[in-house]
Amino acid sequence: MSLRPTTLVRALPARSFSSSARAQLPGRITRRITRDRNPNRGVSPVSRKAHADKPMLAEKYGLPKPVSADKLTKVETDPNHGLWGFFRNHRNALSTPDQEFSHGRSWAVEELRGKSWEDLHKLWWACVRERNIIATQFQEHQRMQPGYGDHELQDRDNVVKATMRGIKHALTERYYAWEEARELSKHDPEIDLSGQGPLYSPKSSFEDAPEVEKPAPAAEQKA
(Lines give C-alpha, C1' and ligand atoms only; values in the text may rest on other atoms or scores of the structure.)
Protein backbone atom coordinates (compact mmCIF):
# COMPACT_ATOMS: atom_id res chain seq x y z
CA MET A 1 0.00 0.00 0.00
CA SER A 2 1.53 3.28 -1.20
CA LEU A 3 1.04 6.52 0.61
CA ARG A 4 0.39 9.68 -1.40
CA PRO A 5 2.35 12.73 -0.35
CA THR A 6 0.32 15.30 1.47
CA THR A 7 -0.11 18.77 -0.09
CA LEU A 8 1.04 21.58 2.06
CA VAL A 9 -1.17 24.68 1.96
CA ARG A 10 0.37 27.92 2.98
CA ALA A 11 -1.89 29.81 5.30
CA LEU A 12 -2.55 33.42 4.40
CA PRO A 13 -2.54 36.05 7.05
CA ALA A 14 -5.98 36.84 8.33
CA ARG A 15 -7.46 40.24 7.57
CA SER A 16 -10.08 41.98 9.58
CA PHE A 17 -13.36 42.89 7.84
CA SER A 18 -14.34 46.55 8.02
CA SER A 19 -17.37 48.38 6.55
CA SER A 20 -15.90 51.84 6.99
CA ALA A 21 -14.95 54.03 4.03
CA ARG A 22 -11.52 53.68 2.53
CA ALA A 23 -9.10 56.08 4.04
CA GLN A 24 -8.13 58.80 1.63
CA LEU A 25 -4.46 58.82 0.91
CA PRO A 26 -2.70 62.11 0.61
CA GLY A 27 -2.59 63.35 -3.00
CA ARG A 28 -5.17 60.78 -4.19
CA ILE A 29 -8.07 62.13 -6.33
CA THR A 30 -11.26 60.33 -5.47
CA ARG A 31 -13.68 62.66 -7.37
CA ARG A 32 -14.64 61.56 -10.91
CA ILE A 33 -13.55 64.00 -13.58
CA THR A 34 -16.46 64.80 -15.92
CA ARG A 35 -15.01 67.87 -17.61
CA ASP A 36 -13.07 67.50 -20.83
CA ARG A 37 -9.57 68.85 -20.17
CA ASN A 38 -8.32 68.34 -23.71
CA PRO A 39 -7.13 71.77 -24.96
CA ASN A 40 -7.37 70.66 -28.61
CA ARG A 41 -10.99 69.62 -28.41
CA GLY A 42 -12.97 71.37 -31.17
CA VAL A 43 -9.88 72.55 -33.06
CA SER A 44 -10.01 72.01 -36.81
CA PRO A 45 -7.20 69.77 -38.09
CA VAL A 46 -7.09 71.84 -41.29
CA SER A 47 -7.16 75.44 -40.13
CA ARG A 48 -5.80 74.73 -36.64
CA LYS A 49 -8.44 77.05 -35.24
CA ALA A 50 -11.24 76.45 -32.81
CA HIS A 51 -14.74 76.20 -34.22
CA ALA A 52 -16.22 78.35 -31.50
CA ASP A 53 -15.02 80.39 -28.56
CA LYS A 54 -17.67 78.87 -26.33
CA PRO A 55 -18.47 75.21 -25.98
CA MET A 56 -21.44 74.08 -28.03
CA LEU A 57 -23.82 72.12 -25.87
CA ALA A 58 -26.98 70.35 -26.95
CA GLU A 59 -28.77 71.52 -23.80
CA LYS A 60 -28.82 75.06 -25.20
CA TYR A 61 -31.34 74.02 -27.83
CA GLY A 62 -34.30 72.33 -26.22
CA LEU A 63 -35.92 69.28 -27.75
CA PRO A 64 -38.98 70.04 -29.87
CA LYS A 65 -42.31 69.25 -28.33
CA PRO A 66 -45.10 67.66 -30.39
CA VAL A 67 -48.11 69.80 -31.16
CA SER A 68 -51.56 68.36 -30.79
CA ALA A 69 -53.72 68.01 -33.88
CA ASP A 70 -56.27 70.48 -32.49
CA LYS A 71 -53.73 73.32 -32.53
CA LEU A 72 -52.51 72.68 -36.07
CA THR A 73 -53.53 75.14 -38.75
CA LYS A 74 -56.01 73.66 -41.17
CA VAL A 75 -54.66 73.63 -44.71
CA GLU A 76 -57.28 74.60 -47.25
CA THR A 77 -56.92 73.02 -50.67
CA ASP A 78 -58.61 73.78 -53.94
CA PRO A 79 -61.25 71.11 -54.65
CA ASN A 80 -60.54 71.50 -58.37
CA HIS A 81 -56.75 71.28 -58.07
CA GLY A 82 -55.02 69.47 -60.90
CA LEU A 83 -53.23 67.04 -58.58
CA TRP A 84 -56.58 65.47 -57.70
CA GLY A 85 -56.42 63.97 -61.18
CA PHE A 86 -53.94 61.41 -59.84
CA PHE A 87 -56.62 59.92 -57.57
CA ARG A 88 -60.01 58.29 -58.06
CA ASN A 89 -63.26 60.17 -57.74
CA HIS A 90 -63.49 59.30 -54.04
CA ARG A 91 -60.05 60.96 -53.56
CA ASN A 92 -58.74 58.31 -51.22
CA ALA A 93 -55.13 57.16 -51.13
CA LEU A 94 -56.21 53.51 -51.40
CA SER A 95 -59.13 51.77 -53.04
CA THR A 96 -60.80 48.53 -52.06
CA PRO A 97 -60.12 45.43 -54.20
CA ASP A 98 -63.73 45.51 -55.42
CA GLN A 99 -63.29 49.08 -56.65
CA GLU A 100 -60.08 48.21 -58.47
CA PHE A 101 -61.53 45.06 -60.03
CA SER A 102 -64.71 46.79 -61.27
CA HIS A 103 -63.49 47.67 -64.76
CA GLY A 104 -64.25 46.51 -68.25
CA ARG A 105 -62.14 44.81 -70.87
CA SER A 106 -59.66 46.43 -73.23
CA TRP A 107 -60.67 47.83 -76.62
CA ALA A 108 -60.10 45.48 -79.54
CA VAL A 109 -58.28 46.60 -82.69
CA GLU A 110 -61.39 45.83 -84.78
CA GLU A 111 -63.37 48.29 -82.65
CA LEU A 112 -60.69 50.97 -82.79
CA ARG A 113 -60.43 50.88 -86.59
CA GLY A 114 -63.86 52.51 -86.89
CA LYS A 115 -63.03 55.35 -84.49
CA SER A 116 -62.21 58.84 -85.75
CA TRP A 117 -58.94 60.58 -85.08
CA GLU A 118 -60.52 62.76 -82.38
CA ASP A 119 -61.99 59.74 -80.59
CA LEU A 120 -58.67 57.90 -80.64
CA HIS A 121 -56.93 61.02 -79.35
CA LYS A 122 -59.34 61.33 -76.40
CA LEU A 123 -59.15 57.63 -75.62
CA TRP A 124 -55.35 57.71 -75.62
CA TRP A 125 -55.15 60.51 -73.05
CA ALA A 126 -57.85 58.85 -70.96
CA CYS A 127 -55.57 55.80 -70.80
CA VAL A 128 -52.60 58.01 -69.86
CA ARG A 129 -54.59 59.52 -66.98
CA GLU A 130 -55.66 56.05 -65.84
CA ARG A 131 -52.07 54.82 -65.79
CA ASN A 132 -51.04 57.87 -63.73
CA ILE A 133 -53.71 56.98 -61.18
CA ILE A 134 -52.53 53.36 -61.09
CA ALA A 135 -48.89 54.46 -60.63
CA THR A 136 -49.93 56.73 -57.75
CA GLN A 137 -51.78 53.89 -56.06
CA PHE A 138 -48.75 51.61 -56.52
CA GLN A 139 -46.64 54.13 -54.62
CA GLU A 140 -49.25 54.39 -51.86
CA HIS A 141 -49.33 50.59 -51.55
CA GLN A 142 -45.56 50.50 -51.14
CA ARG A 143 -45.69 53.25 -48.50
CA MET A 144 -48.64 51.99 -46.45
CA GLN A 145 -48.25 48.22 -47.04
CA PRO A 146 -51.97 47.35 -46.73
CA GLY A 147 -51.39 43.75 -47.84
CA TYR A 148 -53.99 43.73 -50.62
CA GLY A 149 -54.77 45.27 -53.98
CA ASP A 150 -51.49 44.60 -55.82
CA HIS A 151 -52.98 41.92 -58.06
CA GLU A 152 -56.02 44.05 -58.92
CA LEU A 153 -53.85 47.06 -59.77
CA GLN A 154 -51.60 44.98 -62.02
CA ASP A 155 -54.61 43.48 -63.80
CA ARG A 156 -56.10 46.91 -64.39
CA ASP A 157 -52.79 48.25 -65.70
CA ASN A 158 -52.54 45.36 -68.18
CA VAL A 159 -56.02 46.17 -69.53
CA VAL A 160 -55.11 49.83 -70.08
CA LYS A 161 -51.83 48.93 -71.78
CA ALA A 162 -53.66 46.53 -74.11
CA THR A 163 -55.97 49.37 -75.18
CA MET A 164 -53.01 51.65 -75.86
CA ARG A 165 -51.34 48.95 -77.96
CA GLY A 166 -54.58 48.62 -79.95
CA ILE A 167 -54.64 52.38 -80.61
CA LYS A 168 -51.06 52.26 -81.87
CA HIS A 169 -51.92 49.30 -84.10
CA ALA A 170 -54.93 51.08 -85.64
CA LEU A 171 -52.95 54.27 -86.26
CA THR A 172 -50.09 52.30 -87.83
CA GLU A 173 -52.50 50.68 -90.26
CA ARG A 174 -53.88 54.10 -91.19
CA TYR A 175 -50.37 55.42 -91.74
CA TYR A 176 -49.44 52.65 -94.18
CA ALA A 177 -52.81 53.01 -95.94
CA TRP A 178 -52.17 56.73 -96.33
CA GLU A 179 -48.68 56.14 -97.72
CA GLU A 180 -50.00 53.64 -100.26
CA ALA A 181 -52.79 56.02 -101.31
CA ARG A 182 -50.29 58.87 -101.70
CA GLU A 183 -48.11 56.77 -103.99
CA LEU A 184 -51.12 55.77 -106.09
CA SER A 185 -52.31 59.38 -106.34
CA LYS A 186 -49.09 60.39 -108.08
CA HIS A 187 -50.20 58.41 -111.14
CA ASP A 188 -53.88 59.45 -111.00
CA PRO A 189 -54.70 62.39 -113.37
CA GLU A 190 -57.75 63.35 -111.28
CA ILE A 191 -55.62 64.12 -108.18
CA ASP A 192 -53.30 67.11 -107.96
CA LEU A 193 -50.89 67.12 -105.00
CA SER A 194 -48.98 70.25 -106.10
CA GLY A 195 -51.17 72.54 -104.00
CA GLN A 196 -51.70 75.01 -106.86
CA GLY A 197 -55.18 73.84 -107.78
CA PRO A 198 -58.03 71.68 -106.50
CA LEU A 199 -56.91 68.47 -104.90
CA TYR A 200 -59.45 66.29 -106.66
CA SER A 201 -60.94 67.05 -110.08
CA PRO A 202 -63.22 64.18 -111.09
CA LYS A 203 -63.92 63.71 -114.80
CA SER A 204 -67.16 62.64 -116.44
CA SER A 205 -67.64 58.93 -116.86
CA PHE A 206 -68.39 59.46 -120.58
CA GLU A 207 -65.40 61.72 -121.25
CA ASP A 208 -62.45 60.08 -122.95
CA ALA A 209 -64.07 56.70 -122.54
CA PRO A 210 -62.42 54.05 -124.73
CA GLU A 211 -64.58 52.37 -127.35
CA VAL A 212 -65.46 48.82 -126.56
CA GLU A 213 -65.61 46.42 -129.52
CA LYS A 214 -68.88 44.54 -129.73
CA PRO A 215 -68.65 40.78 -130.16
CA ALA A 216 -69.56 39.46 -133.66
CA PRO A 217 -72.78 37.48 -134.12
CA ALA A 218 -72.62 33.75 -133.75
CA ALA A 219 -73.37 33.17 -137.51
CA GLU A 220 -70.41 35.31 -138.62
CA GLN A 221 -68.13 33.54 -136.21
CA LYS A 222 -69.07 30.13 -137.80
CA ALA A 223 -68.43 31.45 -141.34
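Helices are DSSP runs of H or I with at least four residues, numbered from the N terminus, and the expected span of a helix is 1.5 Å times one less than its number of residues. In this predicted model, local features need a pLDDT of at least 70 and side-chain atom pairs count only at pLDDT 80 or more, while totals for chains, interfaces and linings use all residues. Residues are numbered from 1 along each chain as its sequence is written, and side-chain values use heavy atoms, with hydrogens and water left out.

Confidence comes first. The mean pLDDT (the predictor's confidence in each residue, from 0 to 100) is 78 for the protein, and 69% of the residues score at least 70. Helix 2 has the highest confidence, at 95, and helix 5 (residues 218-222) the lowest, at a mean of 58.

Helix 4 makes a good next stop. Its 36 residues reach 53 Å from first C-alpha to last, close to the 52 Å expected at 1.5 Å a residue. Among its buried residues (under 20% relative accessible area, 1.4 Å probe, protein chains only) are L153, R156, V159, V160 and T163. Their cover includes helix 1 (97-101), helix 2 (109-112) and helix 3, counted by contact (heavy atoms within 4.5 Å).

Just before helix 4 (150-185), Q145 lies in the loop that follows helix 3 (117-144). Although Q145 is not a glycine, its phi is positive, about 50°. Most residues other than glycine have a negative phi. At 59% relative accessibility, Q145 counts as exposed, the cut-off being over 50%.

Notes. Helix = DSSP H or I, 4+ residues; strand = E, 2+ residues; numbered from the N terminus.
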